[in-house]
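Work through the exercises below with the sequence and the coordinates at hand. Each task is followed by a solution in steps.

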Amino acid sequence: MTATERVRAMLEGKPVAEIGASGWLHSPGIDRGTAEEFSSEIIRLTDYSRWDVIKIMPNGVYNQEAHASDIEYFAGELSPDDLKAKRVFHIHNYLIQAPRQMEAFPVLNVSKNKVYQREIANVRALAEHYKGTVPILPTIFTPMHCVPEFVGGIEKARWYYENHPEAVDKMLRALVQTELQLVDAYIEAGADGFFFAQRYSNADILSEAEFERFARPYDEMLLSRIKGRTWFNMIHVHGARNFFWDQFKTYDVQAISWENTPLQIPEEERATVARVRRITDKVLVTGTDQFHDFYGTREEVLDCFRRRVAQAARESGDNRLIFAPGCSLPLDIGNETVHLLRVAADEYNAGKL
């Protein structure tokens, strides 16, 4: 059974004998290289771990790069603290310094933008290599998700939401017009679906009313654009608790990604697999804690993953589960450690756990 066949079986409601597994880790520098360089690295990691889904991990500010933000990408050896915090770039001058700049935010021509063409070429290279045997999901940072790196961080973004909502609306309309072109181009290049990253997913950072005004309408414009043209789409519900589940359970996607075991959150406040399974019948993509589970000796990490995968699979109840990270992982974690997700999933599927 190919990875695509396994995932399609999950979506079609057929009995699924095995859970899936997928891992992702940023590749700083390589992710801004040629399509040949980046796709080769993704292929190497995918084939080694036999991932059931390719969630493409692009340069995390590729939209800002496409808009010619003043970004310094760090070169050379990074400190352990920088790696752990995923500090691999610095934006020197944010493009948005005043509401009027939001109001005049441009719509880019994706077909003529070198950054977007680089990302599209990578998808095309992966599609040509795998020929439909592994689902390929480029990452789309939703319009509202993108705002902080244009204005100077989440707190600054909040100032605009509260004081200049009409200017925010104009900027979001421009961002989504660019992203509509981008999803079209990704689909033409061979994408099977998308990983939609939405950092504004919980009540800890904005109100439900703000979500309904600034986030959901633009997310749904993207989802409407791809409807019937892709077959496996995933929404990443970002954060640790107080998620907007009433909204996300109605999103027209096939899978939900989130952090189900954040150790910094009390057990009774966590969105466990069991709780989310009661909310939705979508494929669940989750299983680990990004800040704790990937650290220790090989055996310590593997033992942790064994416990995590057994619990997640038991709580899902139907094997419609892809054992995976939630958010992006710190960069002091190596690919061999991420590979242990596959080892633990294989042991579970073989009945050893």
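The exercises cover salt bridges, cysteines and the strand order of a sheet.

The model is predicted: local features need pLDDT of at least 70, side-chain atom pairs count only at pLDDT 80 or more, and totals for chains, interfaces and linings use all residues. Residues are numbered from 1 along each chain as its sequence is written, and side-chain values use heavy atoms, with hydrogens and water left out.

**Exercise 1. Salt bridges**

Task: Find how many salt bridges there are, and describe the pair formed by Arg6 and Glu18.

Solution.

Step 1. Set the criterion: a side-chain nitrogen of Lys or Arg lies within 4 Å of a carboxyl oxygen of Asp or Glu. The background is that side chains of opposite charge can pair when their charged atoms come close.

Step 2. Apply the criterion; the count is 31 salt bridges.

Step 3. Check the pair. The closest N and O atoms of Arg6 and Glu18 are 3.0 Å apart. This salt bridge links distant parts of the chain, 12 residues apart: Arg6 belongs to helix H1 (residues 3-11), and Glu18 to the loop between H1 and strand E1 (20-21). Helices (H or I, at least four residues) and strands (E, at least two) are DSSP runs, numbered from the N terminus.

Step 4. Classify accessibility, where buried means under 20% relative accessible area, exposed over 50%, and partly exposed in between (1.4 Å probe, protein chains only). Arg6 has 13% and is buried, whereas Glu18 has 31% and is partly exposed.

Step 5. Extend the search from this pair. Arg6 and Glu18 belong to a network of salt bridges that also links Arg50, Asp52, Arg342 and Asp346.

**Exercise 2. A pair within one helix**

Task: Locate the salt bridge of Arg44 and Glu41 and state whether each residue is buried or partly exposed.

Solution.

Step 1. The N to O distance for Arg44 and Glu41 is 2.9 Å.

Step 2. Both residues sit in helix H2 (residues 35-49), three residues apart, which is about one turn of the helix.

Step 3. Glu41 is buried at 16% relative accessible area; Arg44, at 47%, is partly exposed.

**Exercise 3. Cysteines**

Task: Count the disulfides and give the nearest cysteine sulfur to that of Cys304.

Solution.

Step 1. Use the cut-off for a disulfide, a pair of cysteine sulfur atoms within 2.5 Å. The count is zero.

Step 2. For Cys304, the nearest cysteine sulfur is that of Cys327, 18 Å away. Cys327 in turn has the sulfur of Cys146 as its nearest, at 14 Å.

Step 3. Cys304 is buried at 9% relative accessibility, and Cys327 is buried at 15%.

**Exercise 4. Sheet order and packing**

Task: Give the order of the seven strands in the open sheet, then name the helices lying across E11.

Solution.

Step 1. Two strands pair if DSSP finds at least two bridges between them. The order is E1-E11-E10-E9-E8-E7-E6, with parallel pairing.

Step 2. E1 and strand E6 (139-141) are the edge strands, each pairing on one side only.

Step 3. E1 and strand E11 (residues 321-324) pair over two bridges; Ala21 has Phe323 in E11 as its bridge partner.

Step 4. For packing, contact means heavy atoms within 4.5 Å. Axes are lines fitted to C-alpha atoms, for helices over the stretch in contact, and angles run from 0 to 180 degrees between N-to-C directions. H1 lies across E1, strand E10 (283-287) and E11, at about 125° to E11. Helix H14 (residues 298-316) lies across E10 and E11, at about 160° to E11.
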